[in-house]
Amino acid sequence: MILLDPAISAAASAAAGVGVQADLALWHGVSTELLLSALALGGGALLVAAPTRVGRALARDLLPVTGVGVTEAFRAGVTALGGRVAGLTRSDAPTRHLVMPVLCLLVLAAGGLAAGGLPSPDPRLVRPVDWLLTLVVLAGVGGLVAVRRRLAGLVLVGIVGFGVTLWFFVLGAPDVALTQLLVEILTVVVLALVLSRLPARFRAGSRRRNLGAGVLAGAAGLASTFAVLALTGRADLSSVGGYFLAEAPADTGGSNVVNTILVDYRALDTLGELAVLGVAAVVIVVALDARGQLPRKPPPLTVRPGSPLRDSQENAVFGRTLTRAVGPILVVLSIWLLLRGHYEPGGGFISGLVGGGGLALLFLTAPSENVARIRLPAVALVGGGVVVAVLTGMLGLVDGTLLAPQRGYLLGQSATTALLFDVGVYLVVVGMVLTALNRLGPSDAPSGPGGEPVPRRQSPSAPPRTTGNGWSRPSIKPGTTRTEEEV
Amino acid sequence: MALAISVGLLVAGGTYLLVQRGMLRIVLGFVLLAHAVNLLILSAGGVSRRGEPLGDGPDPATTADPLPQAFVLTAIVIAFAITVYMAVLAVIGRGDDDTSEPSDADGEVPR
């Protein structure tokens, strides 16, 4: 034993990784190990001596369940649960899919409320003008929920947009507000083009759907209000934000900090965004080419024969004259906004949207839909913009980093390649807007002779004009033309 | 407080429109939700400082955080692209969407 102890100790230590001192002996006394060995030997002897009796004892069900049964039940249960979960969204109806994230957010909010509760309100966070803006938002959203006519919905979504724009101004974000304002205008233009192919009214939802939607919407609204109250608003200037404020002019030569973030500090984000815009433009083209659009509906106007409103050629004359004057101004304005973006509110997005707005004006004031198409290669503009942005970014490789803007002096003026990058942004935005206008705008077939709108009689079986939540839409007096309200 | 209520109103309206029938109201719902999220992001930067981050040496004690503003500016333009895309989906729908006049829904569903 004394001979073996050191060798076994060394082997055991190496195997266990910790020091083990082996102590071999023939008799250690009555220990657990000895009893276990005795149990094993005794059990073995019993099996050899009386195999049938042991077998019979084991054949009986020892437990009320079997292992196989448990496994099978578990498998079937998991499959059924999966089917139940997937069944919630096994549908083509968008509602089924769109409700799920909202429900998940509600669960999160309820958990947060139970865990944390609400902090006390901080008077520094509210200014009197805030309440005015909240009223504007309330008016727009309330109308939008109740509205039945699509055109009125378009106006109301514009009101909400302008309310949000004012919020951005009040919160000290002029660039964001300008962008929102322009996007709002262009959204209305694009949606108006789409509306000409859709019915004049929204289909009234069933009472049950409206009630469910109301409850869900109320809960989601409350939850998000609480979340904003509890989680945001109090933050001090973030360290990154503080760095940008302090260093942007020295780092980039620009004094519009937000724009320097877009084109200097976080240009990769902006490049990704350009890609999204480009993909959207391509998808619009592909989707419309693949499926075609719904036919255009007759304009929802009842205009008396002989009324001067019937001639679209004549009606557009004011707009056309205005465009002749405003068009060049818009072009110059957009270039000016592009050039000054590094220093003052402006930049690629805003100037691109102004340019897009100019194109929209040109489009809308054209005497007929068939001459309205603006013959610029829209998708090529988008692609060109992305290429310009990427190539400009490559210039940064001089510095060893992709997308780092290079600064230098051109004709005695401080110049930066960030401006070229902004040109790429400009092209993509203009191209994207133009794609939407060109593809959604022109009619697929020429309208009636002379572009005359076909009068549409109002259906006698119009749906009831109230919705489940008690809002009533403004009614039209019988006998009056709808022109006065809708043109 | 007022900002939180505005966000809540926008989320409520957006959710209500999101679960209606017909693509166009879903699009409008998405527009409202985008507004709500953008305001939320700006709110995350703090709403007690509201100075514009412009000019040389803005005072960090009163100037709004520029980083959320840059995020939101990007988000607005992306939301615009998505809105246009979804609007396109509204007019390539066939009989399965709210594209026929409510009164003649049974007879003249274009296919």
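Which helix gives the most to the lining of the second largest pocket? In this predicted model, the answer is α5(A), with 10 residues.

**The pocket**

The volume of the second largest pocket is about 780 Å³. Its lining numbers 30 residues. Nearest the centre lie A:Leu105, A:Ala109, A:Ala223, A:Ser224 and A:Ala227. Both chains take part: α5 (94–116) and α9 (207–231) of chain A, and α1 and α2 of chain B, each supply at least two lining residues.

**The interface**

Chain B brings 82 residues into contact with 103 residues of chain A. About 8,800 Å² is buried between the two chains, and carbon and sulfur atoms give 73% of that area. On the chain B side, B:Tyr16, B:Arg50 and B:Phe80 lose the most area to chain A, together 9% of what that side buries.

B:Arg50 also forms a salt bridge with A:Asp130, side chain to side chain, at 2.9 Å from N to O. The rule finds one salt bridge across this interface. Polar contacts between chain B and chain A come to 14 residue pairs, both partners at pLDDT 80 or more.

Three helices of chain B, α1 (2–18), α2 (23–44) and α3 (66–92), each supply at least two residues of the side that touches chain A. The largest share comes from α3(B), with 21 residues.

**Residue classes**

The table sets out the two groups by class.

| Group | Nonpolar | Polar | Charged |
|---|---|---|---|
| Side of chain B that touches chain A | 51 residues | 21 residues | 10 residues |
| Lining of the second largest pocket | 25 residues | five residues | no residues |

Notes. Residues numbered from 1 in each chain as written. Chains lettered and ligands numbered in written order. Predicted model: local features only at pLDDT ≥ 70, side-chain atom pairs only at ≥ 80, totals over all residues. Heavy atoms only, no water. Contact = heavy atoms within 4.5 Å. Buried area = accessible area lost by both parts, 1.4 Å probe. Salt bridge = Lys/Arg side-chain N within 4 Å of Asp/Glu carboxyl O. Polar contact = N/O pair within 3.5 Å; in protein donor to acceptor, adjacent residues only side chain to side chain. Helix = DSSP H or I, 4+ residues; strand = E, 2+ residues; numbered from the N terminus. Nonpolar A, V, L, I, M, F, W, Y, C, P; charged D, E, K, R; others polar. 1 Å grid on protein atoms, 1.4 Å probe; cavity = no way out; pocket = protein on both sides within 12 Å on 5 of 7 lines; lining within 4 Å. Points joined across faces, edges and corners; volume = space filled by probe spheres on them.
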